[in-house]
Amino acid sequence: MSITASHISKTFGDFAALDKVSLHVPAGKLVALLGPSGSGKTTLLRIIAGLEMADEGSGHILFGNEDVSLLPPGKRGVGFVFQHYALFRHLSVAENIAFGLRIRKGPERPSKATITSRVQELLALVQLEHLGKRYPTQLSGGQRQRVALARALAVQPKVLLLDEPFGALDAKVRRDLRRWLRNFHDGIHITTLFVTHDQEEALEIADDVVILNSGRVEQVGSPQEVYDRPATPFVHKFLGNVNQILLPWEGIIQGTKVPVEENVAFVRPHDIELLRPETAQPGALATVLDLHAAGPIAKIAAKRTDGRGIIDIELPRAYFDQLNLREGDTILLRARLEPVCQTILVTKPPMT
Amino acid sequence: MFPRLKKHTVMPGFGMTLGFTLFYLSLIVLIPLSAVFIRAGGLSWHSFVDVAFSARELAAYRVTFLASLAAAMVNAAFGLVLAWVLVRYPFRGRRVIDALVDLPFALPTAVAGISLTAIYGKNGWIGRWIDPEGDMFLRFLSANGLLGDCTGYGFAGIRVAYTELGIFVAMTFIGLPFVVRTLQPVIEELEPEMEEAAATLGATRLQTLSKVILPELMPALLTGFALAFARALGEYGSIIFIAGNQPGKTEIVPLRILTKLEESNASAAHTPYAEATAVAAIMLVASFILLLLINLLQKWSRRHHAH
């Protein structure tokens, strides 16, 4: 079931956390809500879940065609997963998962046998079959988060909302778990919106990315779109590394399309071409400050000869070795003529 | 081969500190406690039973334990509410109220006793409105034609000072901080997300309270209850003012121990001191058993919280 938020505003005192934000999550998709801290992403998620109320008269939340703006969280049919799991410590893993079913009243409440088999099913789904009798404190962080997910899914929600689901985990578990979530989503296809401040996470697993900044949507698109064609300077700076080059700079030669804001041009390090000055082609001269060639991508920092800043360059290792550069060498730089995706498979740096 | 080395610890002197601990505990706790049993043991079994279980003593045990139990229960309930409000809601004057909670700790018990008596006595601020002989009570009821005997409504008034109720009021007063102070840190640690999780799963407020919050707070609540209960059992200073100390009715056990000491029973074959320790021994054993029970209960309710 799709999620539609239209013109949602939320103010805390004088601070506008959300300013007429609209958002659409198509049915069955996995969408990331990405933004720096304080951008309002968690607030938006909590408003969609009903844990927070939007400002009076400021728009609607729809699940499918149903307006749920006025329903309490328990009636909206959302599964919500918290950053710090929020598991019930006094209940076992199985009891945690069964919680949402056990508290139902009257005819809505499934029989004990149904609940038990449903819990087993969910435990198998999150690959924790043998841990049903454990208590949350006896589990690792990754396991706890999967229990939280199973608990949220037990009530068969229409949509799944995850608030920084991997935020409290260490790097390795985090990478494993987000790949697991991607596969998991491919298996069950529940409409999912997850909040993250980690661009790598969002770009890696989401079908679509919604980038939020200061309570406004900056851009919506597939991971490749938002990375390759950032709509605003903010997205440029926020996603991946980017050189902010003070203009004028001779490295931007005629015919190059480069995003410019005021007198700053945005060029990604792998979209800078590096040539030997002997080639005598148009471009800007610079001096190599620092070379860093561990791994498949070589990173070079070069100082502009006009002294107006430092430019980062990333090159494939093979080409770098060919150039045989040393610190202090003079090089010729220019923005790549077509600074988009043709060469991306070769030169795309690991995003950090 | 490495030579055998002692593991290096930052703070030295385990042997010495353990020795000190044992010595100190013996001196302060164990020796006085054992003295109670040794002195009480000076009585023959027959006279021990006679002394410790006379009708007057039994009445004292009864009123002490029941009033302590009632006071601890009331404190558990209202202490929970108070602690919740103090932790969860920021409001003007919160810190003042927070500080006031400690007052029963700090106040000399005699001060507490005398002010409670003054307030609840038939001429006190509260007493005059509720005591059967209170002037406001009488005036108000007779003005409305509601006075017990003539109307059949039976508004007889409530006497607090010099009754069992007074004992209960004093015990509640002195036991309050224990529950609040044990619960506060636990409530602070309780993530509001847990309540939100319950809400998204469809729980009503009542279900969230009974199935999520109370179970989480139960171990701390029991600890607070036990502390308030133990404190009430041992309270002396404030109660003797308000209890009236009527033999067989509003005498508490600590008072019995004191009066036993002061009574010079010339006809008896044993010293007053032995009689007093007999009562004390009963009190001690009963308290031990109760604390043991509460500890077991706590262990049971805490079983899932172990890391």
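**View 1. Polar contacts between chain A and chain B in the predicted model.** Start where the two chains meet: 6 residue pairs, both partners at pLDDT 80 or more, are in polar contact between chain A and chain B. On the chain A side, the elements that put two or more residues against chain B are α2 (73-76), β6 (78-81), α3 (93-102) and α5 (141-154). Sorted by character, the chain A residues touching chain B come out as 13 nonpolar, 5 polar and 4 charged.

**View 2. How much surface goes under between the chains.** Chain A brings 22 residues to the contact, and chain B brings 23 residues. Between them, about 2,100 Å² is buried, and carbon and sulfur atoms account for 62% of that area. If you want to know which chain A residues lose the most area to chain B, look for A:Arg89, A:His90 and A:Ile103; together they make up 31% of what that side buries.

**View 3. A salt bridge across the interface.** Side chains of opposite charge can pair when their charged atoms come close. The interface of chain A and chain B has 2 salt bridges. Here we zoom in on A:Arg46 and B:Glu196, whose closest N and O atoms sit 2.6 Å apart. For the wider tally, there are 31 salt bridges over all chains.

**View 4. The four-stranded sheet of chain A, with a helix lying across it.** This open sheet has 4 strands, and you can read them off in the order β2-β1-β4-β5, with antiparallel pairing. The edges belong to β2 (15-25) and β5 (66-67), each of which pairs on one side only. Strand β4 (residues 60-63) is joined to β5(A) by 2 bridges, the two running antiparallel. One place to spot the pairing is A:Phe63, whose bridge partner in β5(A) is A:Glu66. Helix α1 (residues 41-49) of chain A lies across β1 (3-12), β2 and β4, and runs at about 60 degrees to β2(A).

**View 5. The six-stranded sheet of chain A.** Now for the other open sheet: 6 strands in the order β6-β7-β8-β3-β9-β10, this time with mixed pairing. Both β6 and β10 (216-221) of chain A have a single partner strand, so each edge strand has one side without a neighbour in the sheet. On average, neighbouring strands here are turned by 15 degrees against each other, direction ignored.

**View 6. The β6 end of that sheet, with α5 lying across it.** β6(A) and strand β7 (residues 159-163) of chain A pair in the parallel sense, over 4 bridges. A handy landmark is A:Gly79, which stands opposite A:Leu160 in β7(A). Helix α5(A) lies across β6 and β7 of chain A, at about 165 degrees to β6(A).

**View 7. The β9-β10 hairpin of chain A.** At the β10 end, strand β9 (residues 208-213) of chain A runs antiparallel to β10(A), and 5 bridges join the two. Within this pair, A:Val209 stands opposite A:Gly221 in β10(A). The hairpin has 2 residues between the strands, and A:Ser214 takes a positive phi near 45 degrees.

**View 8. A salt bridge from β2 to β10 in chain A.** The side chains of A:Asp19 and A:Arg216 meet in a salt bridge, 3.0 Å from N to O. This one links distant parts of the chain: A:Asp19 belongs to strand β2 and A:Arg216 to strand β10, and the two are 197 residues apart.

Terms used. Residues are numbered from 1 along each chain as its sequence is written. Chains are lettered from A and ligands numbered from 1 in the order in which they are written. This is a predicted model: local features need pLDDT of at least 70, side-chain atom pairs count only at pLDDT 80 or more; totals for chains, interfaces and linings use all residues. Side-chain values use heavy atoms; hydrogens and water are left out. Two strands pair if DSSP finds at least two bridges between them. Contact means heavy atoms within 4.5 Å. Axes are lines fitted to C-alpha atoms, for helices over the stretch in contact, and angles run from 0 to 180 degrees between N-to-C directions. Buried area is the accessible area (1.4 Å probe) that two parts lose on being put together, summed over both. A salt bridge is a side-chain nitrogen of Lys or Arg within 4 Å of a carboxyl oxygen of Asp or Glu. A polar contact is a pair of N or O atoms within 3.5 Å; within protein, one must be able to donate a hydrogen and the other to accept it, and residues adjacent in sequence count only if both atoms are side-chain atoms. Ala, Val, Leu, Ile, Met, Phe, Trp, Tyr, Cys and Pro count as nonpolar, Asp, Glu, Lys and Arg as charged, and the others, Gly among them, as polar.
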